[in-house]
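Got your viewer open and a cartoon view loaded? Let's walk through this one stop by stop, selecting as we go.

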Amino acid sequence: MNTKNTLRAHRVAVAGVLLGLLGCGASGPTQELVDARRQYQYAQRGPAPRLAPEALYQAEKALKRAEAAHKDDPGSIEERDLAYIAHRKVELAEAKARIKAQQNEQKSAENRYQENLEAAATNQSGELKQTQAQLASEQKARQEAERQSQAAMASLKELGNVREDSRGTVLTLSGAVLFKTGESTLLPIAREKLHDVAEVIKQSGDKVVIEGHTDSRGATARNQQLSQARADAVRSFLTEEGVSPDQVAAVGKGESEPIAENSTAEGRADNRRVEIVMQPSTSRQASISNP
Amino acid sequence: MKNFYAAGALGGLLLFTIQCGGSSVPQQKVSDSHASIRAAEEMGAQGGPQAALHLTLAREQVAKAEKLMKDGQDEEASRMLDRADADAELSLSLAREGAERKEASEAQDKIRDLRSRMGS
């Protein structure tokens, strides 16, 4: 055999084998198929299997078609087209999963907002009820105070003469009931009456002025002194009964303000008196002026 | 002889098809692809970068498919239309995702506004 020809034949054979090998290497997946596979694996780890299972299933089918095309004719245009389509379908499944997740989150936020609204409404309703209850309680307290005040007024009337004038509510107690003639020490019965007066004063919170008055018999100065001493005696007793000292003042008027004629015994008896003047506070004054 | 005439007839038909631009790709398939693109456009696909990209790809692939059909490459044209459909569908979903996200953001703004006015 010719050596040259043999060598050429060998080279051709080796080249053929190499070409064959190269041909096998070129049968690897196209880049499109590689990308599609990777995207699918990535999608499987995300929310798509849970939130867009149907779309992901369609993508899987498309990928299988691409794989089949690769098996039949590796590197073909058909494989590339089908892989491209599979890739898009995987991305579609992922997009649908994101939309679903967003819708779920939106629904959840709306539910939370609704719950907050309802809770706020309940709270407001609760607060309103509390305020109403408080108002009712306060009104009841005011009514009770008013009732007590009226009861006290009624009891005052039992103690003596009660009238309203420009100074306020005036309780007139006869001197004979409170003191021995010419003295300024309170009689025992006076203490009982004045105890009730003290209760009324404490409840009302009004400022009180105790005025001592005498008739015109005897010296004016002596009458002035006596009337002051008597007013002081009443004031002392009231403060002992718990009336605040700041709340009550004592004034001796002597014989200067008679309410009856001093020429008769009865008139003089009327003039010998203690007037307890209760000066209402501004709010009470308003209610007195505007009943 | 008979085979010769059959082959000739077939060849003639093929030539006729190519020369007259006829295609075996159903016109419905082409119409469907155009419809998918329109749907994506109406959803506002041009507004988002990713959605717009896939919309452009869909349009280009439909144009390529129509050219392939004119050239008689029906199989390739059919697959090109499938690619266009896949891009159009993805574009539509991406546009929808964008629209939903915007709506959710506006709803959150409203809720925040209401809360601040309620003092909560």
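Start by selecting strands E3 and E5 of chain A: they pair in the antiparallel sense over seven bridges. Strands here are DSSP runs of E with at least two residues, helices are runs of H or I with at least four, and both are numbered from the N terminus. Two strands count as paired if DSSP finds at least two bridges between them. For one rung of this ladder, pick A:His213, whose bridge partner in E5(A) is A:Arg273.

Before going further, a word on what you're looking at: this is a predicted model, where local features need pLDDT of at least 70 and side-chain atom pairs count only at pLDDT 80 or more, while totals for chains, interfaces and linings use all residues. Residues are numbered from 1 along each chain as its sequence is written, chains are lettered from A and ligands numbered from 1 in the order in which they are written, and side-chain values use heavy atoms, with hydrogens and water left out.

Now keep E3(A) selected and add E4(A). This pair runs in the parallel sense, over six bridges. Click A:Val208 and its bridge partner in E4(A), A:Val248. Is E3(A) enclosed or open? Six of its seven residues are buried, so E3(A) is largely enclosed by the rest of the structure. (Buried means under 20% relative accessible area, exposed over 50%, and partly exposed in between, with a 1.4 Å probe and protein chains only.)

Next, select A:Met278, which sits in strand E5 of chain A. With a relative accessibility of 4%, A:Met278 counts as buried. Show its contacts, meaning heavy atoms within 4.5 Å. Leaving out residues up to four places away in sequence, A:Met278 touches a list that includes A:Leu156, A:Thr169, A:Val200, A:Ile201 and A:Val208. Try a distance label too: the C-alpha atoms of A:Met278 and A:Glu164 are 9.4 Å apart, although their positions lie 114 residues apart along the chain.

A:Glu164 takes you to the hairpin. Strands E1 (residues 161-165) and E2 of chain A run antiparallel and are joined by five bridges. How many residues sit between E1(A) and E2(A) in the hairpin? Two residues separate E1(A) from E2(A) there. On this ladder, A:Glu164 has A:Thr169 in E2(A) as its bridge partner.

While you're there, click A:Arg163, also found in strand E1 of chain A. A:Arg163 is partly exposed, with a relative accessible area of 30%. Beyond its neighbours within four places in sequence, A:Arg163 is in contact with A:Gly168, A:Thr169, A:Val170, A:Thr172 and A:Glu275. Its C-alpha atom is 9.7 Å from that of A:Val277, 114 residues away along the chain.

Time for the interior. Show side chains for A:Leu194, A:Val197, A:Ile210, A:Val234, A:Leu238 and A:Ile276: these have the most contacts inside the largest nonpolar core, a group of 27 residues. (A nonpolar core is a set of buried Ala, Val, Leu, Ile, Met, Phe, Trp, Tyr and Cys residues joined through side-chain atoms within 4.5 Å.) Among the elements supplying at least two residues each are helix H5 (77-159), helix H8 (220-240) and strand E3 (207-213) of chain A. H7(A) gives the most, with six residues.

Zoom in on A:Val234. Apart from neighbours within four places in sequence, A:Val234 is in contact with A:Phe179, A:Leu186, A:Leu194, A:Ile210, A:Val274 and A:Ile276. Then select A:Ala95, B:Met80, B:Leu90 and B:Leu94, which are among the 23 residues of a second, separate core.

One more residue to click: A:Tyr84. Which arginines lie over its face? A:Arg88 does, at 4.2 Å from the ring centre, and B:Arg83 does too, at 3.8 Å. A charge sits over a ring if NZ of Lys or CZ of Arg is within 6 Å of the ring centre and within 35 degrees of the ring normal.

Finally, zoom out and colour by chain. Chain A has ten helices and five strands, and buried residues make up 32% of its 291 residues. Chain B has four helices and zero strands, with 29% of its 120 residues counted as buried.
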